[in-house]
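Here are a few friendly notes to read with the model open beside you. They begin with charged pairs, then move to the nonpolar core and the pocket.

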Amino acid sequence: MKIGELSERTGASPRSLRYYEQQGLLSPDRSSNGYREYPSNAVATVETIRALLEIGLPSSLVREVLPCTVADRSEAACHGLLAQIAELRDDVRSKAARLQAVEASLSSYLEDNAA
């Protein structure tokens, strides 16, 4: 499929898809006219990339984690990522706790100063 169809099917902009390619996250083939040709499994790959980026993984770590999301993954390589992912998870939890404290403080301020 071409970049426009992949964009339409995934909701990712063509610019994002080109960025994913630049980062080594997607590897489309090129047709004789230079157009990108994506395989049928590219939709699932893009959805996974977007989900991993959305939860805060940097693209460098997404590149390492992405092979672990497919059936023919290397268990040894994927197991080595667990510590990095756990560290990121703990960082997200810490940030979430700080945001909840700020939200509670702001809500309290608004309640105390409501007219």
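1. Arginine 30 has a relative accessible area of 46% in this predicted model, so it counts as partly exposed, between the 20% and 50% limits. Its side chain meets that of glutamate 21 in a salt bridge, with an N to O distance of 3.6 Å.

2. Which residues are linked with Arg30 in a network of salt bridges? They are Glu21 and Arg36. The side chains of arginine 36 and glutamate 21 form a salt bridge at 2.5 Å, N to O. Glutamate 21 belongs to helix H2 (residues 14-22) and arginine 36 to strand E2, so this pair ties together parts that are 15 residues apart in sequence.

3. Strand E2 (residues 36-37) also holds glutamate 37. The side chain of glutamate 37 meets that of lysine 2 in a salt bridge of 2.3 Å, N to O. The two are 35 residues apart, and lysine 2 sits in the segment before helix H1 (3-10), so the pair links distant parts of the chain. Are these partners buried, partly exposed or exposed? Glutamate 37 is partly exposed at 25% relative accessibility, and lysine 2 is partly exposed at 36%. For the overall tally, the whole structure has six salt bridges.

4. Side chains of opposite charge can pair when their charged atoms come close; nonpolar side chains, in soluble globular proteins, tend to be buried together. Here, the largest nonpolar core has 22 residues. Leu6, Leu17, Tyr20, Leu26, Tyr38, Val46 and Ile49 have the most contacts inside it. At least two residues of this core come from each of H1, H2, H3 and helix H4 (59-65), and H3 gives the most, with five.

5. Leucine 26 is a good place to look at the core up close. Leaving aside residues up to four places away in sequence, leucine 26 touches Leu6, Leu17, Tyr20, Tyr38, Val46 and Ile49, as well as Thr45 and Glu21. Glu21 is also part of the salt-bridge network with Arg30 and Arg36.

6. Finally, the largest pocket holds about 330 Å³ of space. Among its 17 lining residues, Leu25, Asn41, Thr45, Leu66 and Val70 are the closest to the centre. Which helix gives the most to this lining? Helix H3 (residues 42-54) does, with four residues. By class, the lining has ten nonpolar, six polar and one charged residues.

Terms used. Residues numbered from 1 in each chain as written. Predicted model: local features only at pLDDT ≥ 70, side-chain atom pairs only at ≥ 80, totals over all residues. Heavy atoms only, no water. 1 Å grid on protein atoms, 1.4 Å probe; cavity = no way out; pocket = protein on both sides within 12 Å on 5 of 7 lines; lining within 4 Å. Points joined across faces, edges and corners; volume = space filled by probe spheres on them. Nonpolar A, V, L, I, M, F, W, Y, C, P; charged D, E, K, R; others polar. Salt bridge = Lys/Arg side-chain N within 4 Å of Asp/Glu carboxyl O. Buried < 20%, exposed > 50% of the residue type's maximum accessible area, 1.4 Å probe, protein only. Core = buried A, V, L, I, M, F, W, Y, C linked by side-chain atoms within 4.5 Å. Contact = heavy atoms within 4.5 Å.
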